[in-house]
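Here is a short briefing on how two protein chains meet. Look over the sequence and structure first, then read on.

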Amino acid sequence: MVGDTGMNVEVRNKQTAAEQAASDQFAAVSGSLPGTDAVAATRAAAIRRFTEAGLPHRRIEEWKYTDLRGALRELPAPAVASDTPIGPDTLGEIDAWRIVIVDGGEPRLPDGLAGQGITVERLSEVLAAGVLEAEWPEGTPSAMLDLNTAFVASGVTLRVPEGVHVDKPIHIACVTTVPDAASIYLRNSVEVGAGGSVTVAETFEGPDGIAYVVNTATRVTVARDAQATWVKVQRDGNKAVHMATLASDVGQGGRLTLAPYTTGAALSRNQFAIAFAGEHAEANLAGVHLLCDRQLGDTTLFVDHALPHGTSKELFKSVLDDEARGVFQGKIIVRQDAQKVDGRMMTQSLMLSERAEADNKPELEIYADNVQCGHGATSGRIDEDLLFYLRARGIPELAAKALLIEAFVGEAVTAIGNEAIGEALSELTHEWVSRHSHQEPGS
Amino acid sequence: MPAVQETIEQVREIDVDKYKYGFFTDIESEKAPKGLSEEIVRFISAKKGEPEWMLEWRLEAYRRWRTMTEPAWAKLEYPKIDFEDLYYYAAPKTAVAPKSLDEVDPELLATYAKLGIPLTEQAVLAGVEGARVAVDAVFDSVSVVTTFREELSKHGIIFCSISEALREHPELVRKYLGSVVPASDNFYATLNSAVFSDGSFVYIPPGVRCPMELSTYFRINERDTGQFERTLLIADKGSYVSYLEGCTAPMRDENQLHAAVVEIVALDDAEVKYSTVQNWYPGNKEGKGGIYNFVTKRGDCRGKNSKISWTQVETGSAITWKYPSCILRGDNSRGEFYSIAVSNGHQQVDSGTKMIHLGKNTSSRIISKGIAAGVSQNTYRGLVSAHAKATGARNFTQCDSLLIGDRCGAHTVPYIEAKNSSAQFEHEATTSKISDDQMFYCTQRGLSDEQAVALIVNGFVREVLQHLPMEFMVETQKLIGISLEGSVG
């Protein structure tokens, strides 16, 4: 929740270069951004809010571990859309309906998706109809979202009608090819009608060595008895900054699985919010951080149980090498009327190097008495006993370590519940681990 | 569950309104004028006959406090405190410092007798050997009497009020005061540094095992007063001490402020066990009145193999803001925190601990049991951190919350920060209500609902109860019963 702590009320410092750049860029490009007058007004209001509040910094409780204001020195200008025909590397091998968005340009849609009964609209079409949502549910922070609202021009809106089960995953591949620093704004959303089901995999990738900024906003709406799985694989370049806001709500009897899998970007922040719109709904989070060098990966989750008989399960795994920092903040709030809620959160960090840092903040805020809620958090290095067990059976040390790391991450990958995607992510984990299972750190 | 007649009667008897320690002692007292200024700080310092450096220290804290803002991050809601509308100094008007118990105002002694605090040494001596407790009693702003001093001094133990320590042992005070909680630490600690009036001072010499429990009993008596006591406890190399602290206050409609600072220093191989039963007046059942308790407690395991253990039972206060912490600086040092926080009525508790691992092979253990009833809010807020050099640090944290009633809240806010890969941290938290199965199991064996709840709650807090000194264990079990009974049924 942003805005309700007294700590946010403080004298604003001088605008940073990045904050100033946002206002200047908006003045320069606002005339050419797509959308009706109403959309333009929404954008103008968003940039005003952003200018007033500025970038979030560590004095704001939710940003305690990620000082975006200090880290984001410059905000590059919005990218110029590219027509380069390019396919994704990430999840490129899985059988899926593939939508490709290059450098925040117009999405390229696959043939045959409409045959599934799904409606696919490009964001530019939605904006032309005068729709740009700026008010998101509680728990969705405003600064990044306001910036997104001000500049966003690309993305897709998917609608799965009642009772439709999409036969294979929909893959939204967001590929960055920019040669120089640029900002890419995207907004994707999916609405699943009553009793329908869909799996969406959103992937991000881009070149190393370029300080581009990705700012993405996502809405997932799951109607009564519907099911949605939203996988987000972030493999942005090693100098990139990735900011993601995702808000979701789950209707009665619905089920939602969110699976953020993060290995990329110098700095990334996933801000996810789950709200329950009906009883007997279920929400799951299965997340992974694989971070090395001086990467900072922050996944912050807000689960709002406002209604009875909800279930939420979170499993988050971080593997941290070199001087990487992994941050997981998860807050479960159970409101007074939300009786019989079952909430379980587990966050585990595995540190491969002496200088890695794991910050975990699992929070419970509970106002209903008839609930079962719990959370657990652990951090440490590879269990010597397990290693010994494997080595005693003739497995070399490095292989044994790799095996243990993959098993550690595998638990979260399996929890996604999609075999093809699970396999592809296991393969990504394997590659990452092969690069990072080295001799005992410091020895 | 409909309330049975028995419950109704019991509740009537031991309602929040019937706070047992809510009497007021009519005693003449001397107060400084309301409000806070440099003059008041000088006045307090002069009253205490303090050395010049101490006055300077206070004034510096005061000037810094003027530039600070109240922290607002805790999960507490209360009207803004008017710091200018408080008395910062109140003392019972007895002649000069009493030389023996005979010179202490009999009204005061009667007060402590009502509280069940044995100040008369004979009375204690007449009791069971081994159950002896040396007491430093603090009434509003001043320490009225410290018992068993002679016997303690035989062992070289210094146990006196901090004002006295400033006069008798200025070198020790100067060396350690503010070395754990600096004058600039936080809003309330800084305020305390400027205006603290009294508190206890303990020094245990090297290799001495303190032969009895040391204890301080705090009581706020005067209207509109803030109580700002400061406790400094130094355990020199290889020593051991167990220290108890208890607090009460009269019932009043207005809120009273209590902002204490406790500093503990444990040198090589020393062990300090610090236990608190905090039972300040919690306010009436409409949430009117009660103590605002903003306390900074911190222990510094400065030496290798040192150990500091905090045990707290929090049943009182309208607002509790308190995080007894351990800085694990020495290699192999250990910190422990055992807490029972019971909130009922309109109480709000935001309490927890900080375990800061700096040295090698340091370990810490946190067991926190929160019980929320009525319309209270009960928050555990804790930090466990391992510095980059804290190789082999270990922590185990367990915080469980129990909700009784559907209008209260129980919250858990842990911060777990590991900057060293060999640090091994485990944290688990649960929140639940008393399960129907547990109730059924008990009632099926012939217990009433009341008895069943008492049994289950006692079991819930047992892990912490075990760590309390015997004297407090009995009191605590009663207190928990009193604090909760209004909520069952």
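In which sense do strand S17 of chain A and S23(B) pair, and over how many bridges? They pair in the antiparallel sense, over six bridges. Keep in mind that this is a predicted model.

**Strand pairing across the chains**
- Strand S17 covers residues 357-366 of chain A, and its partner here is S23(B).
- Within S23(B), B:His411 stands opposite A:Glu365.

**Extent of the contact**
- Chain A puts 36 residues into the contact, and chain B puts in 34 residues.
- Together the two chains bury about 2,800 Å².
- Carbon and sulfur atoms account for 48% of that area.
- On the chain B side, the most area is lost to chain A by B:Tyr415, B:Ile416 and B:Ser421.
- These three residues together make up 20% of what the chain B side buries.

**Polar and charged links**
- Two salt bridges are counted between chain B and chain A.
- One salt bridge joins the side chains of B:Lys75 and A:Glu365, at 2.9 Å from N to O.
- A:Glu365 thus appears twice here: in that salt bridge, and opposite B:His411.
- Across the interface, 17 residue pairs are in polar contact, with both residues at pLDDT 80 or more.

**The chain B side**
- Strand S23 (409-418) and strand S24 (424-433) of chain B each supply at least two residues to the side that touches chain A.
- By residue type, that side of chain B holds 13 nonpolar, 13 polar and eight charged residues.

Notes:
Residues numbered from 1 in each chain as written. Chains lettered and ligands numbered in written order. Predicted model: local features only at pLDDT ≥ 70, side-chain atom pairs only at ≥ 80, totals over all residues. Heavy atoms only, no water. Contact = heavy atoms within 4.5 Å. Buried area = accessible area lost by both parts, 1.4 Å probe. Salt bridge = Lys/Arg side-chain N within 4 Å of Asp/Glu carboxyl O. Polar contact = N/O pair within 3.5 Å; in protein donor to acceptor, adjacent residues only side chain to side chain. Helix = DSSP H or I, 4+ residues; strand = E, 2+ residues; numbered from the N terminus. Nonpolar A, V, L, I, M, F, W, Y, C, P; charged D, E, K, R; others polar. Pairing = 2+ DSSP bridges.
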